[in-house]
Amino acid sequence: MTGYREFLRSHPAILAPMAGVTDVVFRQLCVEQGASLTFTEMVSAKGLSYRNVRTGDLLEVAPNEHAVGVQLFGHEPAVMAQEAQHVARILGDRLAVIDINMGCPARKIVSKGDGASLMQRPAEAREIIRAVASSVRVPVTVKFRRGFECGNETSAAFAAMAQEAGASGVTVHGRFAQQMYRGTADWEAIARVVRAVDIPVVGNGDVASARDAVSMRRRTGCDAVMVARAAEGNPWLFAQISAALAGEPVPAGPTFEERIATMRRHARLLAARDARTLVRMRKHAGWYVKGFPGASAARGALNTATTLADFEAIFDELLSKGGPNA
């Protein structure tokens, strides 16, 4: 417990696991900008157990990732424990933490008894946490929400259960699962979890700026801050958050030219890794160009881009239009 808290003190700005977003290339860019701990996309323990190649690809680590977290989801304790061991063998010393997803509200996850649905079955959740925590030597954490049903806050009790079951820490998203991503995250719910347990707590939800990160930590007493959607198209946010949490001057945001250059690099890294993954650049570029002159037309073109040359041509056109203040 003490060891994981110390780890978080030097890794306070965390990139959240996001399906379809936090692949190895995006994580590399976020680490370059100051993300001190990054998480893979959530990984199906059942998929890993079949040694599915596409699932296994999610465990690829970027060259600059010296501390990476892997988030597993599933509801079978034995399978979860077995695949946690498999992950630990593959990643070795670069594996910083295994997180158990008990907060994803997506229907396709919840309908199978995984993710946030486990908040409705704390006895089963306890057995999963115990099984995984006893199977590996790295810290095992649990990510969950304020509660499952709107108005029924169970996060403090759930966190206490996770602590008793052997979790080294928890991450709390301040929305109910039924809210999905609507409304606002209640940071006071995170504060209540901090008061309820002795293990470290990471706060998550509505951190969109360096000021938000400082405010969340001050208001909740959480040990670290996890950033999700606000990082989409904005890896520079981590440089700003890291500086703010360290009490240092917050760097300015990127210039228009820097944003274009990063988009190019992002696309080139995806293409070099596997041309089939280049299609992911459509949504990433859509996030990058927010606020750009010609952004609407660019998004239309991005929807049909398939090759690196297609993307490069779109970036050239954007650059020719100049930045927002041109």
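Buried means under 20% relative accessible area, exposed means over 50%, and partly exposed is in between (1.4 Å probe, protein chains only). This is a predicted model, where local features need pLDDT of at least 70, side-chain atom pairs count only at pLDDT 80 or more, and totals for chains, interfaces and linings use all residues. Residues are numbered from 1 along each chain as its sequence is written, and side-chain values use heavy atoms, leaving out hydrogens and water.

**Exercise 1.** Work out which residues of helix 7 are buried, and what covers them.

*Solution.* Start with the list: A125, I128, I129, A131 and V132 are the buried ones. They cover an arc of only 165° around the axis (taken from the directions from the helix axis to the C-beta atoms), so they sit on the same side of helix 7. Next, look for contacts, meaning heavy atoms within 4.5 Å. The cover includes helix 5 (77–91), strand 5 (95–102), strand 6 (140–147) and helix 8 (155–165).

**Exercise 2.** Find the salt bridge between R130 and E164, and place both partners.

*Solution.* A salt bridge needs a side-chain nitrogen of Lys or Arg within 4 Å of a carboxyl oxygen of Asp or Glu. Here the N to O distance is 2.8 Å. R130 belongs to helix 7 and E164 to helix 8, so the pair ties together parts 34 residues apart in sequence. Now check accessibility: R130 is partly exposed at 34%, and E164 is partly exposed at 47%. Finally, zoom out a bit: R126, E127, R130 and E164 are linked in a network of salt bridges.

How values were computed: Helices (H or I, at least four residues) and strands (E, at least two) are DSSP runs, numbered from the N terminus.
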